[in-house]
Amino acid sequence: MNYLLDTHIAIWALGEDKRLSKSIARIFADEECKKYISIASVWEMAIKIRLGKLNFPNGTVGFVQALYRNGIELLPIQ
């Protein structure tokens, strides 16, 4: 199954946030599920990090690295 993650779900999943539902956590942990995120979400994260509204280890680069480590693929805007 394919899943498109929105920004806050990606943040919660990567940060192991308690607000992430158990069903979404199972999907995130399932290596058989293909997970995607829009490059627009990365852009949104970069803006929030730059404005100091969001902290992520190693900033935007760290966020993108965490996506790749967790098997989440970037979708371009077309």
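**Exercise 1. Work out whether H1 is enclosed or open, and find what surrounds it.**

*Solution.* Start with the burial count in this predicted model. Of the eight residues of H1, six are buried, so the helix is largely enclosed by the rest of the structure. Next, put names to them: Thr 7, Ile 9, Ala 10, Trp 12, Ala 13 and Leu 14 are the buried ones. Now look at what they pack against, and you get a list from several parts of the chain: strand E1 (2–5), helix H2 (22–29), E2, H3 and H4.

Then check the confidence. H1, which covers residues 7–14, has the lowest mean pLDDT among the elements of the chain, at 86, while E2 has the highest, at 95. For the chain as a whole the mean is 89, and 100% of the residues reach 70 or more.

One last stop: just after H1, Glu 16 takes a positive phi of about 50°.

**Exercise 2. Describe how H3 and H4 pack, and say which residues make the contact.**

*Solution.* Two packed helices are described by the angle between their axes and the distance between the axes. Here the axes of H3 and H4 (residues 59–69) come within 9 Å and cross at roughly 145°. As for the hand, the crossing is right-handed.

Now for the residues. H3 puts in Val 42, Met 45, Ala 46 and Ile 49, and H4 answers with Gly 59, Thr 60, Phe 63, Val 64 and Leu 67. Sort these by character and you get seven nonpolar, two polar and no charged. The spacing within each helix fits a simple rule: an α-helix has 3.6 residues a turn, so residues three or four places apart point the same way.

Zoom in on Ile 49, which sits in helix H3. Skip its neighbours within four places in sequence, and Ile 49 is in contact with Leu 54, Phe 56, Gly 59 and Thr 60. With Gly 59 the C-alpha to C-alpha distance is 6.4 Å, for a sequence separation of 10 residues.

**Exercise 3. Look at Asn 58 in the loop between H3 and H4, and say what its phi is and whether it is buried or exposed.**

*Solution.* Begin with the background: most residues other than glycine have a negative phi. Asn 58 goes the other way, with a positive phi of about 65° although it is not a glycine. Its place is the loop between H3 and H4. For the burial step you need a cut-off, and exposed means over 50% relative accessible area. Asn 58 comes in at 67%, so it counts as exposed.

**Exercise 4. Run the same test on Trp 43.**

*Solution.* First place the residue: Trp 43 belongs to helix H3 (residues 39–50). Its relative accessible area is 59%, so this tryptophan is exposed. Then try a distance: Trp 43 and Thr 7 are 36 residues apart along the chain, and their C-alpha atoms are separated by 10.0 Å.

**Exercise 5. Find the salt bridge and say which parts it ties together.**

*Solution.* Side chains of opposite charge can pair when their charged atoms come close. There is one salt bridge to find in the structure. Glu 73 forms it with Lys 34, and the closest N and O atoms are 3.5 Å apart. Glu 73 lies in strand E3 (residues 72–75) and Lys 34 in strand E2 (residues 34–38), so the pair ties together parts that are 39 residues apart in sequence. To finish, check both partners for exposure: Glu 73 is partly exposed at 36% relative accessible area, and Lys 34 is also partly exposed, at 39%.

How values were computed
Residues are numbered from 1 along each chain as its sequence is written. This is a predicted model: local features need pLDDT of at least 70, side-chain atom pairs count only at pLDDT 80 or more; totals for chains, interfaces and linings use all residues. Side-chain values use heavy atoms; hydrogens and water are left out. Helices (H or I, at least four residues) and strands (E, at least two) are DSSP runs, numbered from the N terminus. Buried means under 20% relative accessible area, exposed over 50%, partly exposed in between (1.4 Å probe, protein chains only). Axes are lines fitted to C-alpha atoms, for helices over the stretch in contact, and angles run from 0 to 180 degrees between N-to-C directions. A crossing is left-handed if the near helix is turned anticlockwise from the far one by less than a right angle, and right-handed if clockwise. Contact means heavy atoms within 4.5 Å. Ala, Val, Leu, Ile, Met, Phe, Trp, Tyr, Cys and Pro count as nonpolar, Asp, Glu, Lys and Arg as charged, and the others, Gly among them, as polar. A salt bridge is a side-chain nitrogen of Lys or Arg within 4 Å of a carboxyl oxygen of Asp or Glu. pLDDT is the predictor's confidence in each residue, from 0 to 100.
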